[in-house]
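Biologist: Please put the model in front of us, and then let us go through it one question at a time.

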Amino acid sequence: MKTPEPSGSDAAVSETTIPESGFPLAEVKDVSASPGLLRLSKMWWVTLLCLILAMGLVWTSLPDHGPEITIRFPEGHGLKPDDTVRYRGIEVGTVTEVTLDEALSAVEVSVMLNPGGGVLNREGTRFWIVRPQLSLMGISGLETAVGSKYIGVSPGDPTAPPGKHFQGLTASPPDELAENGLELILRGDGRHGLSAGSPVTWRGIDVGQVLTVNLSADARHVDVTVRIDRRYHRLVRRSSKFWITSGFDVDVGFSGVKLNAQSLSTMIRGGISLITPTEGDDAPIGSGHMFPLVQKPVTEWLEAADNVPLVGFSLPETVLVQGTRSTTVFGIPRSRAYTQVGLLTVGATGTNLLTAELPLAADEEDRTLAEFRIQLMTGESVAVRDVALDDCLSSDNGTLRIPVEVSGFPTAASAQFRVPTAPEECIAVRTAASESKPMPIIQSIDREQLSLTGLTGGWIISGDTDYSASHGAPVVATSDGKIIGILLNNKSGPVVAPLSDDNR
Amino acid sequence: MEHRACHCCGLIHRLPSLMPGQQAVCTRCGTGISVPGCRRVSASRTAAAAFAALVLFWPAILCPILQIEKLGHQQQSSILSGTVELLCHGNWLVGGIVLLFSVVFPLTKIMLLLELSLLEVLHRRHKALTLRIMEHVGKWSMMDVMLLAFLVMLVKLGNLVEFHLGPAVVAFIACVAMSMIASLTFDPHAIFEDS
């Protein structure tokens with residue numbers, strides 16, 4: 001409050017300059033229940049809340065990290081801190097530091113693995129820097145041409161003890177995808193354009209690849225190490241023959257020009273072909289066996305080569321299940337023919353048909369299956385009518401076991417079934433019609449392709465192979481030839497529905 | 001008898017003597033002029049909000065606020081690390097402005113509010129000066145503007161680079177809210193009132 005007059009006592013001044021009557025007297029209001037302490041503390045509750053919030057935020061932003069490892073690379077390829085370590089395309093760690101070692105002979109990369117990447121620090125894990133590579137063998141690592149480099153990782157044995165220091169590879173290991181292959185040494189007299197990654201083919205199908213090409217100890221030969229994929233092990237016998245298929249032959253004669261090339265890919269990349277003639281010793285061999293590598297195949301080999309069973313057991317013969325599926329589109333009933341694969345089995349309850357889910361008859365109250373036909377590959381067929389759904393054994397994962405009364409059709413005995421415990425290497429089998437006798441068609445499914453799902457209880461098959469023709473086909477384990485499930489094409493893609501105890 | 005201006009409409013009143021549980025209100029607009037222990041309550045509320053803002057201030061500037069992923073390069077930055085980076089790159093003007101307006105001034109404002117309402121470390125004589133500094137600094141503490149900048153970035157850059165907002169954003173929003181509450185509840189009249 002200001003007092004314009006400089007003189008006089010304070011009390012006198014206020015008395016004189018501001019007449020009390022000039023100002024209204026403030027009203028007095030009762031404030032209910034003196035909230036003094038409560039109001040003092042109310043805001044402090046918010047403060048407490050904020051304190052908790054701040055602590056929580058700090059906690060969440062603290063970097064959670066897994067094990068820390070160092071990897072030595074002979075070449076850094078421009079790797080920088082904050083670059084990532086990826087496994088199967090997703091991030092499993094981060095580069096924290098890139099330094100030169102004291103002798104300037106290598107690059108030390110410190111990597112902080114994510115908490116989930118705990119298994120990736122086991123001894124035997126291999127690391128390499130993924131960078132764009134353009135060669136005749138193909139293009140790889142193209143995403144790193146524009147973006148940042150990253151470290152690829154191939155996990156070792158998960159039971160091995162954890163390590164801290166690793167030696168990085170100069171390039172991605174050629175065998176990264178095919179583990180436990182059959183390693184063979186082929187001795188030839190020249191390189192013939194072969195290099196690591198060149199394919200090994202059997203009648204034009206890739207069955208393996210070249211791992212290394214180097215000189216033999218006496219420098220008189222070239223030793224080529226090849227790896228045959230696990231599933232083609234059975235093709236290689238002691239009598240197997242290997243020859244070079246790189247490049248192409250141009251044969252100019254009186255009859256014109258004859259061009260002989262395997263495929264464009266082997267023409268560029270070089271390759272090795274393999275065949276196993278039946279005569280001679282056909283005992284299976286193990287890793288490390290040495291074969292001669294010749295430049296040209298002998299025609300007799302190809303002629304002599306008969307069938308080599310890819311699987312060491314007899315395959316079940318399947319039947320076709322055909323019928324029509326009625327649907328209603330905007331009130332208009334329509335019917336669509338469907339064909340799927342089924343397997344006839346003989347159990348304690350008589351003959352059954354094991355197949356995928358079938359449509360119900362139009363009147364749903366009856367709960368009977370719509371009429372369908374079972375057709376053998378040779379052409380004969382039998383119609384199945386009026387099967388009540390309650391008589392069938394339907395499983396959650398979409399398999400159906402229908403009691404049928406047919407005879408004279410090929411059946412599988414219950415001894416051929418096995419309930420699997422975990423995903424394993426398997427093949428989907430169906431029988432194709434041919435002139436002389438029904439022929440089995442197989443589609444192999446790798447263990448790596450299978451992943452468990454919690455929802456359907458099936459094993460989802462990854463990869464881009466089309467299995468639509470094998471809907472309902474039995475899936476046979478390659479280890480013992482037992483039927484372990486049924487292949488289904490769900491909305492989410494192909495799955496293997498494993499057999500369970502109740503639909504055995 | 002004491003005189004007091006209503007801080008809402010400015011009318012000057014004489015204050016009657018008040019019993020506990022009573023409050024003097026303005027005859028014109030009905031705003032509370034004083035309650036017994038008014039200073040204590042108001043100051044306490046301000047102190048609480050200012051303290052909350054102070055607590056939240058540190059995660060807001062230290063925790064990662066943005067995670068930018070551009071062409072496979074990933075970068076995480078907090079307000080402070082971003083500012084330091086600006087300064088390191090020689091952007092003295094921009095870095096200095098950001099540092100001043102979004103770190104130094106807000107912190108000063110919060111600290112001064114806390115001082116005025118709770119701590120009273122400084123002598124009573126400096127209260128007016130402190131208040132004046134606080135009011136000037138407060139005008140330039142622009143945390144809320146920074147928040148707007150992040151929003152603009154979110155809308156504009158969303159297609160160019162992939163970015164995620166970090167935990168600091170939550171702290172930042174809460175800190176802005178709490179410091180606003182603190183300055184709203186702060187009653188400059190109360191600090192001069194004799195207790």
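Biologist: Does Ala219(A) count as buried or exposed?

Modeller: This is a predicted model, in which local features need pLDDT of at least 70 and side-chain atom pairs count only at pLDDT 80 or more, while totals for chains, interfaces and linings use all residues. Residues are numbered from 1 along each chain as its sequence is written, and chains are lettered from A and ligands numbered from 1 in the order in which they are written. With C-beta atoms placed from the backbone, a residue is buried if 20 or more other C-beta atoms lie within 10 Å of its own, exposed if 12 or fewer do, and partly exposed in between. Because Ala219(A) has 7 C-beta neighbours inside 10 Å, the class that applies to Ala219(A) is exposed.

Biologist: Where does Ala219(A) sit, and what is its phi?

Modeller: Elements here are DSSP runs numbered from the N terminus, namely helices (H or I, at least four residues) and strands (E, at least two). Ala219(A) belongs to the loop between β13 (205-215) and β14 (222-228) of chain A. Although Ala219(A) is not a glycine, its phi is positive, at about 60 degrees.

Biologist: What is the phi of His77(A)?

Modeller: His77(A) lies in the loop between β2 (68-73) and β3 (84-87) of chain A, and it is partly exposed because 15 other C-beta atoms are found within 10 Å. His77(A) is not a glycine, and yet its phi is positive, at about 55 degrees.

Biologist: In what order do the strands of the barrel in chain A run?

Modeller: Two strands are taken to pair if DSSP finds at least two bridges between them. In the barrel the pairing is mixed; the twist averages 35 degrees from one strand to the next, with axes being lines fitted to C-alpha atoms (for helices over the stretch in contact) and angles running from 0 to 180 degrees between N-to-C directions. The seven strands close in the order β11-β14-β13-β12-β18-β15-β19.

Biologist: Which residue in β19(A) stands opposite Phe242(A)?

Modeller: Strand β15 (residues 241-244) and strand β19 (residues 289-294) of chain A run parallel and are joined by two bridges. Opposite Phe242(A), in β19(A), stands Leu293(A).

Biologist: Which are the edge strands of the open sheet in chain A?

Modeller: The open sheet has seven strands with antiparallel pairing, in the order β29-β28-β32-β33-β34-β31-β30. Strands that pair on one side only are the edge strands, here β29 (439-445) and β30 (450-452) of chain A.

Biologist: Which residue in β34(A) is the bridge partner of Trp459(A)?

Modeller: Strand β31 (residues 459-461) and strand β34 (residues 493-498) of chain A run antiparallel, with two bridges between them. In β34(A), the partner of Trp459(A) is Val496(A).

Biologist: Which residues touch the most other members of the largest nonpolar core?

Modeller: A nonpolar core is a set of buried Ala, Val, Leu, Ile, Met, Phe, Trp, Tyr and Cys residues joined through C-beta atoms within 7 Å, and the largest one here has 41 residues. Strand β33 (residues 483-490) of chain A gives the most to this core, with five residues. Those with the most contacts to other members are Val475(A) and Val496(A).

Biologist: How many residues does the second, separate core have?

Modeller: Among the members of this second core are Cys50(A), Ile79(B), Leu116(B) and Val176(B). Its size is 37 residues.

Biologist: What share of the residues of chain B counts as buried?

Modeller: Chain B has seven helices and seven strands, which run β-β-β-β-α-β-β-α-α-α-α-β-α-α from the N terminus on. Of its 195 residues, the buried share is 31%.

Biologist: How far does helix α6 of chain B reach from its first C-alpha to its last?

Modeller: Helix α6 (residues 168-185) of chain B has 18 residues, and its expected span, 1.5 Å times one less than the number of residues, is 26 Å. Its buried residues include Phe172(B), Val176(B) and Met178(B). The helix reaches a value close to the expected one, 25 Å.

Biologist: How far apart in space are Val161(B) and Glu69(B)?

Modeller: Val161(B) lies in the loop between α5 (143-157) and β7 (162-165) of chain B, and it counts as partly exposed because it has 13 C-beta neighbours inside 10 Å. Val161(B) and Glu69(B) are 92 residues apart in sequence, whereas their C-alpha to C-alpha distance is 6.1 Å.
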